[in-house]
Amino acid sequence: MDPRHGTGLLSTLIPGTYARQGAEAIAKRQKLVTSLLSERRMPQHGWDDANIESLLQDLAAMDSNNFLGTAGVGEREARVACPLVAQRHYRLAHGIGRSGEIAAPQPKAAGSSTLAKLTELLAGDALRTAGLPETGAVTVLPLATGMAITVTLLALRSLLPKPCPRVVLWPRIDQKTCLKAIVSAGFEAVVINNTLEGDEVRTDLAALEAEVHNRGAAAVACIVTTTSCFAPRGADKIVEVAKLCAKHGIAHIVNNAYGVQCAQLCKLLTAACRRGRVDAYVQSTDKNFMVPVGGAIVAAPSSNISLVEAINKVYPGRASVSPILDLFITLLHWGTLGWQAELQRREQLFPYLRAALQRFADDHGEVVLDTPDNPISIGVTLQNLIVPCETSSASVQGPSFLGAMLFNRSVSGARVVAPGKKAIVAGIEFEDYGGHIDGYGPPYITAAAALGTTEADVDLFISKLDACYRSVQKHNAHAEVNPGSV
């Protein structure tokens, strides 16, 4: 409703003082929208649901499928059969982008196009607020992290000289997505094996530079590094890699999947952008912003935005608005102060989780792995669950059984890794898969102090971990004494 009605037509229906008061309330809410459009960043204070829904309804009213008296006779007119589906999407059914570019506004969808642009601006502001001040160009894709990396690599191909080099150098991380993303983009992934520094698995810079030297920089399309990962792997030495890329003129893409939530990783990535070459960094929306799976933010430092611009042009066809809408709503819900509070809670949770795991380790004669370059994931050995082969029976339960017990007791996210697992990913064979390096050593379990995790979650996890650990030990002790009775 137009607040100007408060001093006009409304006052003919109700007393003028009431009408003016109501109109002032509407005007106050509309000022929030005006501020959003003019400042183009997250509001300082989060909006309530009524404000967010009001804006979404106004944006939807700007799309042609919601026009009064519209006559759509094309093959794609944002027709939605089920009212429940229309309601779920706030009647924003046109999607974003055009057939030629995902960032282009749609003639039929002024509201959806505005929403997409605002989300891009708010996402960039959220990254800078989290500790990535060098962030320049940003695009929000309706793709999870792996496919976003694939699209980023495809866009990189359009910028490389022809014939395009085919090799991508990739320091090993035992998580399938990034490797499959490289291969899916049509590149040859060359795995750079890591090195061990104490308990921590780290980037082997000498091996990486030797690979560049042996192949020649012109034969390398890019180097893909990783910040956030499972312990005992630490973040890649991305500052040194960025310097290497700048020296040899090699593109550098950073898989920053859930690194936005961590101040230490943001500081590391910022240093890489300032001191070397970073072409793009890719981050998940669900892991960093607590929205449903399906979105990713691809960003580039302000000094080098060409790859993000290329992504917008290479993306084929229109795209779903759903992941963009989820992020837009969440950033408005938090505001800057709410977002900062979530980040601070996560920072405080990490030492809480580490202390809880240390108490567990002390109780059972295990060791908390020292991985200072991984400020999210923590590992604890399970070496006392190993029974020597000459004394064990077929009924003895090992570390992997502990993982199954935890899963069956509704513990999710914890990973048990035992040596000896072989795996083939994207046609490449790995030894001791899960440990990020061949022959890591003892079995271990990891847990993460991730955004949204609470102290109550940690307490319940430790309680169940302790009970399951004791159960496995008790079972194994009985099996050794009475091998035929279990």
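Which residue in strand 7 does Cys222 stand opposite? Before I answer, let me say that what we are looking at is a predicted model, and that I will stay with strand 7 for a while before turning to the cores.

The residue is Ala251, which stands opposite Cys222, and this pair belongs to the region where strand 6, residues 220–226, and strand 7, residues 251–255, run parallel and are joined by five bridges. Between these two strands in the chain comes helix 8, residues 238–248, and together the three elements make a right-handed β-α-β unit.

On to strand 8, residues 280–284, which also runs parallel to strand 7 and is joined to it by three bridges, with Tyr281 as the bridge partner of Val254. Here too a right-handed β-α-β unit is made, this time by strand 7, helix 9, residues 263–275, and strand 8.

As for burial, five of the five residues in strand 7 are buried. In a regular strand the side chains alternate between the two faces of the sheet. In strand 7 both faces are covered, with Ala251, Ile253 and Asn255 buried on one side, and His252 and Val254 buried on the other.

Now to the cores. The largest nonpolar core has 89 residues, and Leu153, Phe328 and Trp339 are those with the most contacts inside it. Helix 12, residues 322–364, gives the most to this core, contributing nine residues. Apart from it lies another core, of 26 residues, which includes Leu357, Phe461, Leu465 and Cys468.

To finish with Trp339, if we leave aside its neighbours within four places in sequence, its contacts include Met42, Ala126, Val260, Phe289 and Leu451, and also the polar-named pair Thr129 and Asn288.

Technical notes: Residues numbered from 1 in each chain as written. Predicted model: local features only at pLDDT ≥ 70, side-chain atom pairs only at ≥ 80, totals over all residues. Heavy atoms only, no water. Core = buried A, V, L, I, M, F, W, Y, C linked by side-chain atoms within 4.5 Å. Buried < 20%, exposed > 50% of the residue type's maximum accessible area, 1.4 Å probe, protein only. Helix = DSSP H or I, 4+ residues; strand = E, 2+ residues; numbered from the N terminus. Contact = heavy atoms within 4.5 Å. Pairing = 2+ DSSP bridges. Right-handed = clockwise from strand over helix to strand, strands pointing away.
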